[in-house]
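Reader: I would like a close look at one part of this model, followed outward to whatever it touches on. Where should I start, and what should I look at next?

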Amino acid sequence: ETLHRLRAFFGSRWYIALVAGLILLGHTTVFVGGRPLFGGYQEFIFVGLMVLTLYAACFVCNDLRFLIMPVISFIFLVPLEHSPNVPYHSRFYIEPLPLTLIIVLGVLLIGCLCWFCFRNRHIAKRIPYAKPIFLSMAVFCGALFFNGAFSSYYTVADTVYPISFVLSLLLIYALFSAYTRFDETAFDYFMSCLVGAGLLICAELLLAYLTGGVRFADGRVVKESVMLGWGVWTAIGGMLAFLMPACFYFAYAHRRGWVFWLLGLLEYACILLSQSRGGLLVGTGILALCLLRLCLGGANRKQNRILTGGVAVAGLCVAALFFKPLLGILQNYLTAGLDDNGRFAIWKKGWDNFIDYPIFGAGFYNSFINEDWPKEVYPYLYHNTLIQLLASGGILAFGAYCYHRFCTVRLVLRRPNVRKTFLGICILALILFSLLDVLFFNTYPTIIYALMLLFMEKSEETTERM
């Protein structure tokens, strides 16, 4: 009985909420007497507690779904004080004590996962090596290892960097494919994790506004102050646009769908607060696409039509009543307009590198310089997926990406269902945003992306069984 209850807890939204709460607490630095509580090591305290829950789950569960929320949201733990981004350039995580703690926690986590896999080896499913999605990801990752080959810019880091894609795409896909039970509840659990991750970002952003982390000057938001440690304003807006459609999936036909409709609207409002022009542009289009789908179909379509119309009218009234405060939020968007913010120049540099090295590209790390970008982990990036692949990996990487993208489009269009529809909209948001920014080439979004593709594939099987 106790074992059954523990398994039910780890497979419930309560566990998702617990993980989100621990990450939020770890992310939030509390100062007492001018000094940070826990000596500035609060993220290690709370991630340690999360690892303890994972240990318990590994000993009692026979389904890996409990790992989804931790693995898609661990990055949101990084507090502002330890940010490697501009202007902090913190080296906190490579100092001796923090690095030791990271290694210890990592070894403990890997150890408990190995035990889980060993304990459940008799129910593990075969990895679908020959399926188009996995195969296309493998081809794409393989092509990336040749980036910069025979280029004068080549460095060993160019060969090391693609390992991050192998881990975030292939390993994540294979691990969860083998050890997740894809029954009728699995998909809703995954979508609940996406909702939880989006709301976690919203909570961190709203706290930054409420506690003075986000500054105002001359009646407008200081854009450079919109930072959350793990990412700057563009990453915040892009991630919210990427995750937002999960809320509207639940609004489509689930009970209390109106709650999730409002949560989706909250995530859109936080995109606005993020000051990310790319996030707002893509997020607005994605919101319109989601609302169109809700109004045209689903068990809650009448409710969703009323909500959409009512909120539109209420929004106009709020805009009229609070015009001046809203203008302060919108001022950066209005001032920047369609300014390219230097993107055209780096896109041209990327194209020139492709012309010089058309087969394997010029590589990721030394092919161009961006003084504002810390290059300890990720290379300088061109803020456009297509330019990035052509410049860094040449025709080989670009062709592999096109093959992978063909397989994903075919997956979305083949045997369509509502689960595929909303996950497809999520992926569309990532693709579109990455034409203006670097999200696709960071590790944490590609982890979520790989899981989305896996659950889209498995949704076909689950729908057939149902």
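Author: Start at Ser177, which sits in helix 8; helices here are DSSP runs of H or I with at least four residues, strands are E runs of at least two, and both are numbered from the N terminus. The model is predicted, so local features need a pLDDT of at least 70 and side-chain atom pairs a pLDDT of 80 or more, while totals for chains, interfaces and linings use all residues. Residue numbers run from 1 along each chain as its sequence is written, and side-chain values use heavy atoms, with hydrogens and water left out.

Ser177 has a relative accessible area of 1% and is therefore buried (buried is under 20%, exposed over 50%, partly exposed in between, with a 1.4 Å probe and protein chains only). The C-alpha atom of Ser177 lies 6.5 Å from that of Ile127, although 50 residues separate the two along the chain.

Helix 8 spans 163–179 and, together with helix 7 (156–160), gives two or more residues to a nonpolar surface patch, which is described next. Phe145, Phe146, Val156, Val160, Ile163, Leu167, Leu171 and Leu396 make up this patch of about 710 Å². Patch residues have over 30% relative accessible area and no salt bridge, with nonpolar side chains (Val, Leu, Ile, Met, Phe, Trp, Tyr) joined within 5 Å and like charges within 9 Å. Areas come from the Shrake-Rupley method with a 1.4 Å probe. The largest contribution is that of helix 8, with three residues. Val160 belongs to helix 7 and, with 47% relative accessible area, is partly exposed.

Past the end of helix 8 the subject turns to charge. Asp183 lies in the loop between helix 8 and helix 9 (186–210), and its side chain meets that of Arg65 in a salt bridge, with 3.1 Å from N to O. A salt bridge here is a side-chain nitrogen of Lys or Arg within 4 Å of a carboxyl oxygen of Asp or Glu. Arg65 is in the loop between helix 3 (42–60) and helix 4 (68–73), so the pair ties together parts that are 118 residues apart in sequence. Both partners are buried: Arg65 has a relative accessibility of 7%, and Asp183 has 18%.

Asp183 also pairs with Arg181, at 3.3 Å from N to O. Arg181 is partly exposed, at 41% relative accessible area. Asp63 joins Arg65, Arg181 and Asp183 in a network of salt bridges. Side chains of opposite charge can pair when their charged atoms come close.

The whole structure has nine salt bridges. Another of interest joins Glu460 and Lys420, with 2.4 Å from N to O. This pair links distant parts of the chain, with Glu460 in helix 19 (443–465) and Lys420 in helix 18 (418–433), 40 residues apart. Glu460 is buried, at 8% relative accessibility, and so is Lys420, at 0%.

Helix 19 also holds Met452, which is buried, with 0% relative accessible area. The C-alpha atoms of Met452 and Phe187 are 9.9 Å apart, while the two residues are 265 apart along the chain. Ahead of helix 18, Arg415 occupies the loop that follows helix 17 (385–413). Arg415 is not a glycine, yet its phi is positive, at about 45°. Its relative accessibility is 46%, which counts as partly exposed.

Gln275 likewise has a positive phi without being glycine, near 70°. Gln275 is in the loop between helix 12 and helix 13 and is buried, with 1% relative accessible area.

Those two helices lead to the second largest pocket, which has about 830 Å³ of space. A pocket is an open set of points on a 1 Å grid where a 1.4 Å probe fits, with protein on both sides within 12 Å along at least five of seven lines; lining residues have an atom within 4 Å of a point. The lining has 27 residues, and Tyr268, Leu272, Gly315, Val318 and Leu326 are the closest to the pocket centre. Helix 12 (257–274), helix 13 (277–296), helix 14 (301–321) and helix 15 (323–336) each supply at least two lining residues. By class, 25 are nonpolar, two are polar and none is charged (Ala, Val, Leu, Ile, Met, Phe, Trp, Tyr, Cys and Pro count as nonpolar, Asp, Glu, Lys and Arg as charged, the others as polar).

Notes:
Points joined across faces, edges and corners; volume = space filled by probe spheres on them.
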